[in-house]
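Subject: Structure for your review

Dear colleague,

Please find below the structure that I am handing over to you. A short account of what was found in it follows.

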Amino acid sequence: MIRKILIVDDSPIARKMLKTCIPKDQGYEFYEAGDGKDGFEKYKDVKPDVTFMDLTMPVMTGYESLEEIIKYDKNAVIIVVTADVQIKAIKKCMKLGAYMVLRKPLKREHIHSALSNARDTLQKAD
Amino acid sequence: MNIQTESMLTDEEIEIFQEIMNIAFGKSAADLADVIDTHVVLSVPYIRIMHVTALPDYFREHVKDYKNISIVEQKFWGRFKGDALLVFSAGAGKELVSMLQHEEKSGFESDPVDILERETLMEVGNILIGACVGKIAELLKDVITYTPPMIIMEKYSCDAIYDSQYNPDGTAIVLKTDFSFDNGNVSGFLFLVTSQESIRWLKDALRIFIEQYE
């Protein structure tokens with residue numbers, strides 16, 4: 001079951017765009033962070049079921065934040081949402097432990113599908 | 001942000017455009033990475049919008065650390081139209097040539113270095129400007145055509161952009177990102193100089209773009 005969702009992106013408008021792609025009838029609780037370091041701190045505080053993570057951010061990049069979160073919680077479900085569409089970037093995210101990588105600009109159906117997959121994974125883990 | 005900027009685009013419009021630029025730079029990096037077969041790391045893009053009359057001073061301030069610069073210039077036409085100027089420090093050409101030589105050594109060995117640098121900067125500029133401006137156009141439902149790239153090599157940075165170069169009613173969109181590579185570092189500025197007419201179109205296009213997320 002997914003209850004808490006953390007969105008980590010330095011762009012407020014990107015966070016807003018992502019939130020509008022998430023179904024509103026599921027009663028999710030949303031938490032937000034504006035850089036990778038804040039994202040890691042929020043992760044430890046909130047223990048979200050799913051985290052959406054941008055890569056290109058100030059203070060701490062998404063790669064670093066992803067690495068820190070996975071070190072802290074190896075079962076973290078982190079969906080990387082990025083404009084960086086290089087194959088090497090995607091491979092690096094998966095190697096660091098990302099659950100999946102979604103490319104910007106976001107599409108509602110991709111977010112729905114990602115959440116549905118994450119829900120199945122979390123149910124199997126329970 | 002100054003008063004002039006506020007009258008051109010609102011804070012929210014700038015944020016939306018910055019996100020679009022982020023996506024566009026991502027496309028540029030991917031296209032460039034395909035050519036040089038390395039991972040391109042981008043910094044967080046920085047954006048400023050100003051009247052074109054403020055551009056020479058802004059430009060001089062931001063390139064003052066570079067004694068000489070090289071500029072790749074390309075004009076583009078669509079609903080969004082203007083000049084794209086990609087500015088590299090003078091050493092960028094050599095750095096890029098050495099990266100490409102690593103990949104395609106045999107093709108470069110007989111060519112003079114200055115020609116190689118010129119051709120390399122033009123090619124890289126063409127890729128970065130085309131991918132970036134092209135992606136903006138795609139996301140904002142515009143169709144754009146381009147002139148071939150032109151290059152100004154090793155220009156003294158203070159003389160590169162002068163006061164009467166552009167229509168004084170124009171608007172400059174200054175975008176900056178640093179590119180770093182697995183095997184070398186190159187940084188550059190991208191300036192888009194456009195018109196008030198294009199800014200009016202841009203405001204509408206940004207509103208239509210964000211409506212799909214409301």
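To begin with chain A, 44% of its 126 residues are buried. Please bear in mind throughout that this is a predicted model.

Chain A: overall form

Chain A contains five helices and five strands. Read from the N terminus, its elements follow the order β-α-β-α-β-α-β-α-β-α. Along the principal axes, the C-alpha atoms of chain A occupy a box of roughly 35 × 30 × 25 Å. The radius of gyration of chain A is 13 Å, in agreement with the value near 14 Å that a compact globule of 126 residues would have. As to the contacts within chain A, consider those between residues at least 6 apart in sequence: 63% of them link residues that are at least 24 apart.

The contact between the chains

Chain B also touches chain A, with 19 residues of chain B in contact with 18 residues of chain A. Which elements of chain B give two or more residues to this side? They are α2, spanning residues 11-36, and β1, spanning residues 40-42, both of chain B. The largest share comes from α2(B), which supplies 12 residues. Sorted by class, the side of chain B that touches chain A comprises 11 nonpolar residues, together with four polar and four charged ones.

Strand β4 of chain B and its partners

Within chain B, I would draw your attention to strand β4, which covers residues 82-89. Is this strand mostly covered or mostly open? It is mostly covered, as six of the eight residues of β4(B) are buried.

Strand β4(B) pairs with two other strands of chain B, β3 and β8. With β3(B), residues 68-77, the pairing is antiparallel and extends over eight bridges. One of the residue pairs here is B:Glu73, whose bridge partner in β4(B) is B:Leu85. The connection between β3(B) and β4(B) is a hairpin of four residues.

The pairing of β4(B) with β8(B), residues 184-194, is likewise antiparallel, and seven bridges join these two strands. Here B:Leu86 has B:Leu190, in β8(B), as its bridge partner.

In brief, chain A agrees in its radius of gyration with a compact globule, α2(B) gives the largest share of the side of chain B that touches chain A, and β4(B) is paired in the antiparallel sense with β3(B) and with β8(B).

With kind regards

Key:
Residues are numbered from 1 along each chain as its sequence is written. Chains are lettered from A and ligands numbered from 1 in the order in which they are written. This is a predicted model: local features need pLDDT of at least 70, side-chain atom pairs count only at pLDDT 80 or more; totals for chains, interfaces and linings use all residues. Two residues are in contact if their C-beta atoms, placed from the backbone, lie within 7 Å. Ala, Val, Leu, Ile, Met, Phe, Trp, Tyr, Cys and Pro count as nonpolar, Asp, Glu, Lys and Arg as charged, and the others, Gly among them, as polar. A residue is buried if 20 or more other C-beta atoms lie within 10 Å of its own, exposed if 12 or fewer, and partly exposed in between; C-beta atoms are placed from the backbone. Two strands pair if DSSP finds at least two bridges between them. The radius of gyration is taken over C-alpha atoms; the globule rule is 2.2 Å times the number of residues to the power 0.38.
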